[in-house]
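Grab a pencil and keep the viewer open. Here are a few short exercises, each with a worked solution.

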Amino acid sequence: MKAVFLDLHGLRTRYLIAGGGPLLMLIHPVGYPAEIFARNIDELARDYTVVAPDLPGQGHSAAPAGWTDAPQVLMADQVLALAAHLGFDRLAVMGSSLGGLVAARAALQAPRRVTALVLTGTGSVFNEPAGQPEVLKTVYANGSRAYAEPSLPSLRARIANTCFRPPAADDILLAHMTAYALPGAAEAYRDIMARLVRSMGEGEALAFPHLEAIEARTLVIAGRDDTRTSLAAHREGAARMRDAAVLCFDECGHLPFLEHPRRFNEAVSRFLAESAAGERVRGR
C-alpha cells in the first residue's frame with residue numbers, strides 16, 4: 001500500500017493504492033480519511049487494484065472553493081475521474097455510510113462503468129430522506145468533537161460511539177489525527193455536513209428514490225446493532241433493487257469493515273468473484 005497525491009479536476013487529491021487487477025474503489029464515511037480501510041486494502045489487493053481516496057474536503061484532499069452541486073454528486077464525479085485517471089473504464093465500488101451514497105451515485109451517474117456495488121451501513125442510501133437530516137446532525141455532533149480536539153482520546157470516543165464495541169484501532173486513529181488537525185479541516189467538515197443535510201430534499205442528488213434504476217450487482221452489508229440506520233431499512237431498500245443480496249453482521253455497529261475485517265474482506269472477495277455472499281432479495 002502506498003499514498004499518492006495528484007491534481008484531479010483542480011483539486012489536490014490523495015489516495016491509497018495497492019495490488020493489481022480489476023479496480024475496486026473503497027469510499028470512506030464522512031469525515032474519515034482513507035486509512036479507515038487499513039484492515040482491508042492489502043487483503044483485498046490480493047486479487048484487485050484497490051484504491052481508497054480521500055473524498056474532497058476530507059482527509060488530505062482539498063475542498064472545492066465553492067460546491068456547485070450537492071457534495072455527494074461532486075464526490076461521485078471525482079471517484080469516476082480518479083478511476084479514469086488510473087486507466088480503468090470499469091470499476092467495482094464499496095462505500096460505507098456517506099461513501100455508500102457516493103458509490104450509489106457513481107453507479108447511477110455512470111451505469112456502464114460501475115460493474116458491482118458493496119453498500120455498507122449506509123443510511124444515506126437506505127433511510128427515508130425525510131428523517132435523514134436528524135441522523136446527519138447526530139453524526140456531525142459526534143464527529144465535530146474529534147475535529148475540535150484532534151487527540152487520541154477524542155478519536156477513540158468517536159469510534160466508540162459508532163461501533164458495537166470499540167475496535168483495536170489506535171494505529172488507524174493516529175493517522176487520522178493529522179488529517180483532523182489540518183488547517184481548515186473542521187470548517188470543511190462543517191460545510192460538507194450542512195450541505196448534505198440540505199441535499200436530503202434534492203431527489204436527483206440522492207439514491208433512495210432511484211434504487212430501482214441501479215443496474216450493478218449489489219451486496220448490502222449491515223451491522224445488526226448500527227445506531228445510524230437499521231437492518232430493516234437495508235433489507236427494504238435492497239428489495240427494490242434489480243440484483244441485490246443482504247448480509248448481516250451480528251455484534252456489529254456502523255463500521256463492519258473495521259469491526260469484523262476478516263469476515264468483511266472474505267464476503268467482499270466472494271461477492272466480487274460472483275460467489276454467494278449474502279441472502280438474495282427479490283428485486284421489483
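**Exercise 1.** By class, how many nonpolar, polar and charged residues does the lining of the second largest pocket have?

Before we start: this is a predicted model, where local features need pLDDT of at least 70, side-chain atom pairs count only at pLDDT 80 or more, and totals for chains, interfaces and linings use all residues. Residues are numbered from 1 along each chain as its sequence is written, and side-chain values use heavy atoms, leaving out hydrogens and water.

*Solution.*
- Step 1: list the lining, which is Pro22, Leu23, Tyr48, Arg90, Leu91, Ala92, Thr115, Ala116, Arg217, Leu272 and Glu274.
- Step 2: sort by class (Ala, Val, Leu, Ile, Met, Phe, Trp, Tyr, Cys and Pro are nonpolar; Asp, Glu, Lys and Arg are charged; the others, Gly among them, are polar).
- Step 3: the tally is 7 nonpolar, 1 polar and 3 charged residues.

**Exercise 2.** Which class counts does the lining of the largest pocket have?

*Solution.*
- Step 1: 17 residues line this pocket, and Gly57, Ser61, Pro183, Gly184 and Ala185 lie nearest its centre.
- Step 2: those residues split into 10 nonpolar, 6 polar and 1 charged.

**Exercise 3.** Why do Cys163 and Cys252 form no bond?

*Solution.*
- Step 1: recall that a disulfide needs two cysteine sulfur atoms within 2.5 Å.
- Step 2: the closest cysteine sulfur to that of Cys163 is in Cys252, 7.5 Å away, so it is too far for a bond.
- Step 3: the structure therefore holds 0 disulfides.
- Step 4: check burial (under 20% relative accessible area is buried, over 50% exposed, partly exposed in between, with a 1.4 Å probe and protein chains only). Cys163 is buried at 9% relative accessibility, and Cys252 is buried at 0%.

How values were computed: 1 Å grid on protein atoms, 1.4 Å probe; cavity = no way out; pocket = protein on both sides within 12 Å on 5 of 7 lines; lining within 4 Å.
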